[in-house]
Amino acid sequence: MKKVAVIGAGFGGLALAIRLQSAGIQTTVIEARDKPGGRAYYWERDGFTFDAGPTVVTDPPCLKELWALSGHDISEDVELVPVKPFYRLNWADGTNFDYTNDEAVLNAEIAKLSPRDVAGYAEFLKFSAGVFEEGYVKLGSVPFLDFASMIKSAPPLIRYQAWRSVYSIVSSYIENEKLREAFSFHSLLVGGNPMTASAMYALIHKLEKDGGVWWAKGGTNKLIAGMVKHFKRLGGTVRLGDPVVHIHSLGDRVTAVETKSGWRESVDAVASNGDIVHSYADLMPDNGHAQRRAKSLKKKKFSPSLFVVHFGVEGTWPGIAHHMILFGPRYKGLLDDIYKHGVLPEDFSIYLHHPSVSDPSMAPPGMSTFYALVPVANMGKLPIDWDEIGPQFEKRVLDEVGRRLIPDIHSRIVTKFSYTPKDFSIDLSAHQGSAFSLEPLLTQSAYFRAHNRDDAIKNFYLVGAGTHPGAGIPGVVGSAKATAGLMIEDLLGA
């Protein structure tokens, strides 16, 4: 059997490993941390379960396909339950907007804010459906290895004005500013600035409308655990707590992987689900092409980082939705501070995750699990000491959640901890502490992202947020499909 090493047990790495093992390629996943998951890591503290993220599960069919390849069903290992509403959006003036795929409910929510925007929303939905078909269905798992493939995809990009921003497109259909924010914030979920991310990312609305928003019972970590269980069932191997320190190569081919413990394995191919800069710069220090590639990648724009406060509180909060967006007083100005200026602003927007409202097992009886996530500039733009600033920023974030939702939050907190850009950099070797790898700009999409197969090292591949189509669970699972297709053809001639 052909032997392959996959570096990193994130969603992309595990999805790729399942596809390779299902095709009869002996696959070993090597994970640096003590648990699988990558960005979908988790912690158990004081009886609470805290998912690191991602927590919004969309497009279940892309996950179900991983089991179906070998005649299995995802329900053997994972219980997915729908989340309604998808998100509750809240503004500082007390306005709430429940975001759902129930068309009657959604139109009523739109009408509460701006009756004349109901018709505009219907037109936006048609646009979203069009870019979903062209950008996700047709191209979401297709590798872009040469510029010619990019040229072939140009007509739909032109037809759907891909050079315009998501916010610009939404604004052409919808007049109310709150609704413009409501229908453009989605690109933030994959690291994109709604003011600059390509209009193609408007497809996320259609993706959610058709497929829903889901929750893995027990947490996102249970989805990861299910993927690992299924991979092992197929005969795959997982090595935990032993980071790869060297990808050995000879000429234009990789030959072996070596880990910190000294374990070394000769392989027919290597795929990295690790950070793209780290994969080239640190893991292939003696390969000239890899070092040049790393230098080139470092010149690209990387998405922001995140500051996440995990906290468990006394009491249950049935009135706080599973997913909430607490918009700050500014939208464009705040995004400029994060993406352009690299400052830590006085105001912020918060994604609040409240899984115990859907799944009480995430917290001890009579208590609740939360995290409050705030986008912040990456460490390349914002070189501050998070060890010093972190505690102050944590208090500001909790104060805002308290002001908006839980008035006596500080006296109710049982346990808490924060995860900063520095942690992304250390734990995940993320370049500049970026939470989503390359920023999703049109000039960094498809062919202009890191390629699923390296151009010069013939048996070295990439999977995950830095490759096409980008971040988010559907994105990295789509990248796994694209990369697996290349590897299976290269290794088996299939």
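Accessible areas here come from the Shrake-Rupley method with a 1.4 Å probe. On that basis the accessible surface of the protein comes to about 18,500 Å², of which 53% belongs to carbon and sulfur atoms. Please keep in mind throughout the tour that this is a predicted model.

**The whole chain**

Begin with the entire protein on screen, where 17 helices and 20 strands can be displayed as a cartoon. Viewed along the principal axes, the C-alpha atoms fill a box of roughly 60 × 55 × 45 Å. The radius of gyration is 22 Å, which agrees with the value near 23 Å that a compact globule of 494 residues would have. If you colour by burial, 60% of the 494 residues come out as buried. Among the contacts between residues at least 6 apart in sequence, 72% join residues at least 24 apart.

**The sheet of strands 11, 12 and 13**

Next select strands 11, 12 and 13, which in that order form an open sheet with antiparallel pairing. Strand 11 (244-250) and strand 13 (264-266) stand at the edges and have a single partner strand each, so one side of each is left without a neighbour in the sheet. Neighbouring strands of this sheet are turned against each other by 25° on average, with direction ignored. Now zoom in on strand 11 and strand 12 (residues 253-259), which run antiparallel and are joined by six bridges. To find one residue pair in this stretch, select His248, whose bridge partner in strand 12 is Ala256.

**His246**

Stay in strand 11 and select His246, which also lies there. Is His246 buried or exposed? Its relative accessible area is 15%, and because buried means under 20%, His246 counts as buried. Show side chains, and you will find that the side chain of His246 makes a polar contact with the side chain of Asp286 at 3.3 Å. Beyond residues up to four places away in sequence, His246 touches Ala256, Val257 and Glu258, and it also touches Leu283, Pro285 and Asp286.

**Met284**

From there, move to Met284, which is placed in the loop between helix 11 (276-281) and helix 12 (288-298). Met284 counts as buried, with a relative accessibility of 0%. Draw a distance from the C-alpha of Met284 to the C-alpha of His248: the two residues are 36 apart in sequence, and the distance in space is 6.9 Å. Which residues is Met284 in contact with, leaving aside its neighbours within four places in sequence? Select Ile247, Val254, Ser279, Ala290, Gln291, Ile457 and Phe460 to display them.

**Strand 14 and its partners**

Finally, select strand 14 (residues 269-272), from which Ala269 and Ala271 point one way while Val270 and Ser272 point the other way, all of them being buried. Add strand 1 (residues 3-7), which pairs with strand 14 in the parallel sense over four bridges. Within this pairing, look for Ala5, which stands opposite Val270 in strand 14. Then add strand 20 (residues 460-462), which also pairs with strand 14 in the parallel sense, here over three bridges. Ser272 stands opposite Leu462 of strand 20 and is a convenient place to end the tour.

Conventions:
Residues numbered from 1 in each chain as written. Predicted model: local features only at pLDDT ≥ 70, side-chain atom pairs only at ≥ 80, totals over all residues. Heavy atoms only, no water. Pairing = 2+ DSSP bridges. Helix = DSSP H or I, 4+ residues; strand = E, 2+ residues; numbered from the N terminus. Axes fitted to C-alpha atoms, helices over the stretch in contact; angles between N-to-C directions. Buried < 20%, exposed > 50% of the residue type's maximum accessible area, 1.4 Å probe, protein only. Polar contact = N/O pair within 3.5 Å; in protein donor to acceptor, adjacent residues only side chain to side chain. Contact = heavy atoms within 4.5 Å. Rg over C-alpha atoms; globule rule 2.2 N^0.38 Å.
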